[in-house]
Amino acid sequence: ETEVPSVESYRALRLGTGLSDRSPEAAKIGLLNSWHAITVKYGDEVVGMGRVIGDGGCHFQIVDVCVLPDHQGKGLAKQIMAGLISELEDRAPKGAFVSLIADGDAQFLYEKFGFVLTAPGSVGMSRFT
């Protein structure tokens, strides 16, 4: 579904998939500022998600792509990525920069959608407040 998950679902998915937790306050602000979001439900339970964040013109980042372990291996992450990429291709201006951070073997999924490693030309960097 094309919708932003609730704060509770968002935090549960992050924890359930080994991603770090976010405070309820931070999650609420971040989710409200999503450029596009997709959730996958099994019955009433949210079992997967993915979001695009960014400035709406020049720069976008794909974040929070995850699927609960019991639902992995069914192509759900691929469906989430396909939906996010489709929305970017439909709405983002031509030439916009789209980035993501690939954890572990996720890079092999992202390669299927045209993402390439940036090193050695550039490297990802991060920090926390």
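Two pockets, questioned

Mentor: Start with the second largest pocket, which holds about 590 Å³ of space. The model is a predicted one.

Trainee: Which residues lie closest to the centre of the second largest pocket?

Mentor: Ser99, Leu100, Val116, Leu117 and Thr118, out of 21 that line this pocket.

Trainee: What makes a residue count as lining a pocket?

Mentor: A lining residue has an atom within 4 Å of a pocket point. Ser99 is in the lining of the second largest pocket, so Ser99 has such an atom.

Trainee: Which elements give two or more residues to that lining?

Mentor: Strand E4 (97–100) and helix H4 do. E4 gives the most, four residues.

Trainee: Why is E4 called a strand?

Mentor: A strand is a DSSP run of E with at least two residues. E4 spans 97–100, so E4 passes that cut-off.

Trainee: How do the residues of this lining divide?

Mentor: Into 13 nonpolar, seven polar and one charged.

Trainee: And how much space lies in the largest pocket?

Mentor: About 1,200 Å³. Its lining has 38 residues. Nearest its centre are Arg14, Leu19, Val63, Asp64 and Val65.

Trainee: Why do Arg14 and Asp64 count as charged?

Mentor: Arg and Asp both belong to the charged class, so Arg14 and Asp64 go there. The whole lining of the largest pocket has 20 nonpolar, nine polar and nine charged residues.

Trainee: Which element gives the most to the lining of the largest pocket?

Mentor: E3, with seven residues. Helix H4 (106–111) supplies at least two. H4 also gives two or more to the second largest pocket's lining.

Methods. Residues are numbered from 1 along each chain as its sequence is written. This is a predicted model: local features need pLDDT of at least 70, side-chain atom pairs count only at pLDDT 80 or more; totals for chains, interfaces and linings use all residues. Side-chain values use heavy atoms; hydrogens and water are left out. On a 1 Å grid over the protein atoms alone, a cavity is a set of points where a 1.4 Å probe fits but cannot get out, and a pocket is an open set with protein on both sides within 12 Å along at least five of seven lines; lining residues have an atom within 4 Å of a point. Grid points are joined across faces, edges and corners, and a volume is the space filled by probe spheres set on the points.
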